[in-house]
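Dear colleague,

Please find the structure below, handed over for your own work. My notes on what was found in it follow directly after.

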Amino acid sequence: MIRTPPPDAAEQVRFLRNIQRLLEETRTTSTYKFALLLALADLSVERGADSGAALPLKTRWVAAKFAAYYWQQTLPFETASGLHVLRQNTDRKPRVLKYLAQARKQGASLTDVLGDARLLKRIQRAVCEMPLPRLQRIGKTSFEFLYGEPEDSEHVELRPGAAFCFRRFHGLIRDLVQGAWVRFVRELNAECLGARVDLAEFLFGSRRSDLAAARRALEEVEGSRCFYCRREIPPVRLHLDHFVPRSRYPVDLGHNLVLSDRACNSLKADRLPAIPHLRRWVDRNTVLAPRLEQSFARHGVSRDLDITLRVACWAYTETEAAEGLTWERAQVMVPLESGWRALLNRYGST
Ligand SMILES: [Zn+2]
């Protein structure tokens, strides 16, 4: 197979300009457009590779992303005038939100929703009817730089170069899209929102209840030891740390989480851990896989080891490309040595 070369610098800039045009020029009646762009960017990180190749995606995966993004947003938000479920549209309530609100009423958790094939199918249908054919239309012109017309409702294929750009500029694109999403929701709900500043955190932050469950699950398997400095810590002083920092890519999946003491947690902050930590983390997730799986299942923690490792591979690839530093301990930052590839490489290029 011939490897498709990545897009050159001029093509990458054109891609970013096109994303900007989509956000600025297309008329929006709901937040679907933002959810779809985020889903394509996230799936490029989770399923793509660092070549310029086209990336075939299942619309079922896009539907699962919609469920995950909107789940939190079906909860009421506390405003000056009481609790409100925020509006996400100028006309009728988007179907995806209606389905999720129903599931919530019946007591489902997000894990239940993601495991409910019938519900996902309905969301998938909504995605295929609404945002997928409309995203790339500006007025009457079609502007198909992300994907061509889907052949059937099960698949959509990102054009050559698109997944590469989504991966390379993931943080930038995520901030652009989430920023536009927050502004849109703020305008729609101006009356009840007032000057609340934590709207973005509500729309896109981690779900605290999920993190509490993950913490209990990890304690059961690993005891109460700091993952980074290996010291024994009284359980009440344990913190939950995102191994691949949430600021790089928001993976709240169980395998991306580790227990740490307060010092290591705040010193590591938004940095990627150095190779010795990476080796221990890959070991933990593979050697302890069966026990972790049991414990995550018992506590209802979302998990996907393959995707977690692929995201880690992407994060280290990007750090290497940027000649970035990794966190070893305390204030010590070290260059990323090439040894990381041996640990993660098989998750990088498919
Ligand atoms: Zn520590």
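Two residues are taken to be in contact if their C-beta atoms, placed from the backbone, lie within 7 Å. With that cut-off, and leaving aside residues up to four places away in sequence, Phe66 touches Ala35, Ala39, Val96, Ile123 and Val127. Please bear in mind throughout that this is a predicted model.

Nonpolar cores

Phe66 belongs to the largest nonpolar core, which has 48 residues. Together with Ala35, Leu40, Tyr70, Val96, Ile123 and Leu158, Phe66 is listed among the residues that touch the most other members of this core. Helix α2 makes the largest contribution to the core, with nine residues. Another core, of 35 residues, lies apart from this one, and its members include Leu259, Cys313, Trp314 and Tyr316.

Strands β1 and β6

Leu158 also appears in a strand pairing, as the bridge partner in β6 of Leu55. Strand β1, residues 55-58, and strand β6, residues 155-158, run antiparallel and are joined by four bridges. The two faces of β1 are unlike in their cover: Leu55 and Leu57 form the covered face, while Pro56 and Lys58 form the uncovered one.

Domains

The protein is divided into domain 1, residues 9-204, and domain 2, residues 208-347. Their C-alpha centres are 27 Å apart. Where the domains meet, nine residues of domain 1 are in contact with nine residues of domain 2. On the domain 1 side, α2 (32-47), α5 (110-114) and α9 (170-188) supply at least two residues each. Helix α2 is thus named both here and as the source of the largest share of the 48-residue core. The side of domain 1 that touches domain 2 consists, by class, of two nonpolar, four polar and three charged residues.

Ala200

One further residue may be of interest to you. Ala200 lies in helix α11, which covers residues 199-204. Is Ala200 buried or exposed? Ala200 counts as partly exposed because 14 C-beta neighbours lie inside 10 Å, whereas a buried residue would need 20 or more and an exposed one would have 12 or fewer. Not counting residues up to four places away in sequence, Ala200 touches Gln178 and Val182. In addition, the C-alpha atoms of Ala200 and Arg186 are separated by 9.8 Å, with the two residues 14 positions apart along the chain.

With kind regards

How values were computed. Residues numbered from 1 in each chain as written. Predicted model: local features only at pLDDT ≥ 70, side-chain atom pairs only at ≥ 80, totals over all residues. Domains from an automatic or database assignment. Nonpolar A, V, L, I, M, F, W, Y, C, P; charged D, E, K, R; others polar. Core = buried A, V, L, I, M, F, W, Y, C linked by C-beta atoms within 7 Å. Pairing = 2+ DSSP bridges.
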